[in-house]
Structures are given as structure tokens and as C-alpha cells.
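Reader: I'm new to this one and would like to walk through it with you. Could you show me the structure to begin with?

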Amino acid sequence: MPEERRRPVSKRDEESNKSEGIDVSLPTLMSKVQTLQTSLQTKAKAEPAFRFYSLWDKVYRADVLQVAYRRCRANRGAPGYDGISFKQIEGQGVDEWLERLQQELRVGGYQPQPLLRVWIPKAQGGQRPLGIPTIRDRVVQMTVLLVLGPIFEVDLLPRQYGFRPGLDAKMAIRAIHFGITQRGKREVVDGDLSDYFNTIPHGELMRCVSRRVSDGTVLSVIRKWLKVAVIERDERGERRTTEAKDKQRGTPQ
């Protein structure tokens, strides 16, 4: 799923949204979504063993969908397997597009589409596979992140810097620098789990999620994302693989 990042709305963002025909009441939308997030996080913090059983209706809330679309739009990602771009969506009308997506989510008709696999060069040589979801799937993934993120945030340790709002690798490096220069530490351990995202076991991952989430629809959609097919295109044509589903391991994107 996409990483949640909170950033202020700039004048440039507002002008860009106006030119794209998008409603510009983002501060109001963000306020509503942050109120929801605060409520979920407060409950999670107060009751460490509590499992949230009613979350899906929050995933398809209109304000959550609007904020999720804006965040995906800000990343300016390429189209996925279906070839549909942000420009095409905005040409047809974002509100209408989001209303159709909301209806799919509400009635249980949503199904993830295949990922488009591309290869990007590594700094040390070689290539890294990258799975590009369709914009439709990216927006739904972001809505789930907006709802689940605050819940799991309270369970993380203070010194976990990866994939968290307001924290990044540079802050981790500064913390290490402080430990060396101010506290006299002299050793740094650099560890890495080789190819972890391609080998993470689905069963164990879902059991971890289920410790906090008992909403069956949310769990079902996450499982579908883990098992979605991957499409790769080259001069020989199009190939479809289901390695993650077949092996029950790895996250396709």
C-alpha cells in the first residue's frame, strides 16, 4: 500500500487543483479526516488489545476518498495496467469518478486490477521490479492507509523510523549521529532482510493485521492485494504471473 505523508496545502497546490477542475476545499476535508484518525488512534492507544470491527464504512467515506485521491494525485504516478491517467480522470470529472468508486466499495463490487510490472535500475547495478497499481487501486489503498495507519501507529516503537508519517531515514541518521557525538556510542549495526518484501509470508502478515483489525471486508481486500496478478509487457507481448498467490509469499508491489 502507499505510504501516508502529511504535508500542508500550498498556494501552488490550490491553484493546480483549480486548473484541474477539482474542488479546492481540501483544508475542510483534511480536518474531517484528521478528526476520524484522531478518534481511531485515541481508541487504539487507550485499549492496546482492542480489535476494530467496523472500519469498511470509513474507508469509502466521501471525504476519505477525496483526500486519498489528492494524495495519490500529488505523487504524479504513471498509469497502471488499464492505462488510465489522472488527466483522463479529471477530464471526465473527478467527483463522478469518485462517486462510482464509492458505490463499488459500498456494495462490495470492488476487485483489484492486475499490477503493471516495470524494471528500474539500481544504484549498485542490476534492476529492481516495480509493480504499478492502477490509479483506482492506488486510491483505495490510500483510503485503507488513512484509516488503518493511525491504529497501528500507536503500536510501533518510538525508534521505528520507516514508513511512518513525520519520520524518515534522515531523522534516523540524525538520531545515530546524536548517539555517537553526544552519548559516546562507538558501534553502529547495519542489518537488512534480503528481498524481504518479495518473501514476506501472507499468513503471518495477516495474523499481525488481525491482532488489531477484525473487519472481514478490510481483511479480505488486503488479501486480494497480496495475491493480485502481475502483468509484464515487452517486445514479445504480455505475460501474466501469479507468483505471490501461488506461493502465498511476497507483496507484488
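Author: Sure, and here's a term we'll need: a salt bridge is a side-chain nitrogen of Lys or Arg within 4 Å of a carboxyl oxygen of Asp or Glu. This is a predicted model, where local features need pLDDT of at least 70 and side-chain atom pairs count only at pLDDT 80 or more, while totals for chains, interfaces and linings use all residues. Residues are numbered from 1 along each chain as its sequence is written, and side-chain values use heavy atoms, leaving out hydrogens and water.

Reader: Which residue meets Glu153 in a salt bridge?

Author: Helices are DSSP runs of H or I with at least four residues, strands are E runs of at least two, and both are numbered from the N terminus. Glu153 lies in helix α7 (residues 135–153), and its partner sits in the loop between α7 and α8 (169–181), so the pair ties together parts that are eleven residues apart in sequence. The side chains meet at 2.6 Å, N to O, and the partner is Arg164.

Reader: Is Arg164 buried or exposed?

Author: Buried means under 20% relative accessible area, exposed over 50%, and partly exposed in between (1.4 Å probe, protein chains only). Arg164 has a relative accessible area of 5%, so Arg164 is buried.

Reader: What about Arg233: which residue does its side chain meet in a salt bridge?

Author: At 41% relative accessibility, Arg233 counts as partly exposed. Its partner counts as partly exposed too, at 46%. The two side chains meet at 3.0 Å, N to O, and that partner is Glu238.
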